[in-house]
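This report introduces a protein structure to a reader who has not met it before. It takes up strands, cores, a helix, the surface and charged pairs in turn.

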Amino acid sequence: MSSNFSRRRMLAAGAGAVLGATSATSVSAAPLGTQASAGTAADSASDTAPWGAAGRGEETRSLDELYQDAIAEGGKLVVYAGGDLANSGSGAGAREAFRQRFPEIDLTLIVDYSKYHDVRVDNQFATDTLVPDLVQLQTLHDFTRWKREGRLLSYKPAGFSKLHKQFRDPDGAWVAGMVIAFSYLYDVAAAGANAPQTPLDLVDPRWKGAIASSYPHDDDAVLYLFALYVEKYGWDWVADFAAQQPQFARGSFSPGTAVSTKQKIIGVGTGGSPTSTGPTRMGMARQQREAGRLAERARIARDLHDTLAQELAGNRMLLQAAERDWDRRPEAARKQVRAVTETLGASLADTRSIIRDLTPPALVQGDLAAALRELCARKGSGDGMPRVAFGTLGEFRSVPPDRAAELLRVAQGLLANACEHARAAHVWVTLDRRDAGAVTVEVWDNGVGFDAASPGRGASVDGRGFGLAAGRERLAAYGGTLTVDSAPGRGTRMRATLPVETPVPASTR
């Protein structure tokens, strides 16, 4: 590595771009410097760099500006990335995405276990032969140590201040990208009613030969997990666990693979989702299970609000209109009652779907566009309701079922708000797939509008303000957004957007 600081400035700028490209799979990352070149990296940065150094603000340049600066200063970037496999989440996908976005940068991305990368870096520091410009590892402890030694360049990427303070070094020496929960997993169907509830259950004789495990010293996270087991249950637990004849393998992905492919019932020392309700579940402590139950209750509350509550509110309006028309317009009243009957049937199906934790019924037989078209036809069928039109933009692309379900629920809530509160004559619903990486549902009405900038908006006196907040929460869980554009007298435009090609977070080493 050159000792010229201009070279380092380019590398730190490139490192910010790499973080943007690989944040879905990175745990922690930091741009590196050497003490031998010009004092500590932090000292050099404060003398030369106008961006994100200790005591300075966040990066203000755009990615395109950073890209051009990096090209001008050499256009090379070397990254050490922690991972189980050379082409895991930290490998092939990140390389391809980076090269498509920054084709003139010569990227070298080397994937290996974090416990090997940190030793390499320490040896290179000792011999003044540092190779990587950016390091992404599984845990933070190397970065805090390297910062104390003055090895890291300070850099605060755009959005740095929005990160939780425990996910970033205050001087910008490192940034954490994600949290991975490590525990044990089990196959719900195979384990049955006697599924392991605590690590003590893992040494029950009935699970002998049914356990897959990563090696206890496989990486820092697995070693920490087993250290906690020893601290809690003692070394006798370790001996009893070994007597279960677990199938040991390298890589913390291996236990999960063994469970998902039905080779084993239990996998120990692997990552997963603590709130998963799928065919595999993560073993959690009582407090964690309670947190998961609370999250599930919140999800069910959102589902009920966006389906049953909205439909019941609409049906109430139709029945009130039917009551007014009962004597003087009996045919109109009967039409409104028939509409209520139809929507109650759909509500019953939705409720059963929630109970079974399935996708919305309309998505079972068709795609998102068909489900939205059916929703709009149902909403616009009653007297006293605005006319509801549905359309699509862009070429047809399939939407993953989980994202399609969330968008349909959000659209249901937005459409209900427009029909019940906007006093609109027309509502337009559009499914927009022109962006290859995202899908958007727009609900636009020509109603009375409101002051979207009002700080009190979203907590209405009739309790219906849960809708927008619930929609934002739903979308945020998948990295999506909900925007509202409105003003008194000019209607309201609401856009719900979800990414549809976000890579699945992969455990990194």
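Two strands are said to pair if DSSP finds at least two bridges between them. The model described here is predicted.

**Paired strands**

Strand S15 (residues 492–499) has two partners. Strand S13 (residues 438–445) is joined to S15 by 8 bridges, and the two run antiparallel. Within this pairing, valine 443 faces methionine 494 of S15. Strand S14 (residues 481–486) is also antiparallel to S15, to which 6 bridges connect it; here aspartate 485 stands opposite arginine 493. A hairpin is formed by S14 and S15, with 5 residues between the strands. In its turn, glycine 489 has a positive phi of about 90°.

**Nonpolar cores**

In soluble globular proteins, nonpolar side chains tend to be buried together. The largest nonpolar core of this model holds 34 residues, and the members that touch the most others are Leu368, Leu372 and Val429. At least two residues come from each of the following elements: helix H15 (368–379), strand S11 (387–393), helix H16 (401–421), strand S12 (426–432), S13, helix H17 (466–476) and S15. The most is given by H16, which supplies 9 residues. A second core, separate from this one, has 19 residues, among them Tyr186, Ala191, Val203 and Val268.

**Helix H7**

Helix H7 covers residues 141–148, and its residues Asp142, Phe143 and Trp146 are buried. Viewed down the helix axis, the buried residues of H7 fall within an arc of 95°, so they line one face of the helix. Glycine 150, just after H7, takes a positive phi of about 75°. Asp142 also takes part in a network of salt bridges that links it with Asp122, Arg145, Glu149 and Arg151.

**A surface patch**

On the surface, Leu319, Trp326 and Val337 make up a nonpolar patch whose accessible area is about 290 Å² together. Leucine 319 belongs to helix H12 (residues 286–325). Its relative accessibility is 42%, and leucine 319 therefore counts as partly exposed.

**Salt bridges**

Side chains of opposite charge can pair when their charged atoms come close. Across the whole structure, 19 salt bridges are found. Three of the pairs are set out below.

| Pair | N to O distance |
|---|---|
| Aspartate 64 and arginine 101 | 3.0 Å |
| Aspartate 169 and lysine 147 | 2.8 Å |
| Aspartate 432 and arginine 434 | 2.8 Å |

Where do aspartate 64 and arginine 101 lie? Aspartate 64 is in helix H4 (residues 63–72) and arginine 101 in helix H5 (residues 92–101), so the pair ties together parts that are 37 residues apart in sequence. Aspartate 64 is partly exposed at 45% relative accessibility, and arginine 101 is partly exposed at 36%.

Aspartate 169 lies in the loop between H7 and strand S5 (175–176), while lysine 147 is in helix H7; their salt bridge therefore ties together parts that are 22 residues apart in sequence. Aspartate 169 counts as buried, with a relative accessibility of 4%, whereas lysine 147 is partly exposed, with a relative accessible area of 30%.

In the remaining pair of the table, is aspartate 432 buried or exposed? Aspartate 432 counts as buried because its relative accessibility is 10%, under the 20% limit for that term. Arginine 434 counts as exposed, at 57% relative accessibility.

Terms used
Residues numbered from 1 in each chain as written. Predicted model: local features only at pLDDT ≥ 70, side-chain atom pairs only at ≥ 80, totals over all residues. Heavy atoms only, no water. Helix = DSSP H or I, 4+ residues; strand = E, 2+ residues; numbered from the N terminus. Core = buried A, V, L, I, M, F, W, Y, C linked by side-chain atoms within 4.5 Å. Buried < 20%, exposed > 50% of the residue type's maximum accessible area, 1.4 Å probe, protein only. Arc of directions from axis to C-beta. Patch = residues over 30% accessible without salt bridge, like charges linked within 9 Å, V, L, I, M, F, W, Y side chains within 5 Å. Areas by Shrake-Rupley, 256 points an atom, 1.4 Å probe, with all protein chains shown as cover. Salt bridge = Lys/Arg side-chain N within 4 Å of Asp/Glu carboxyl O.
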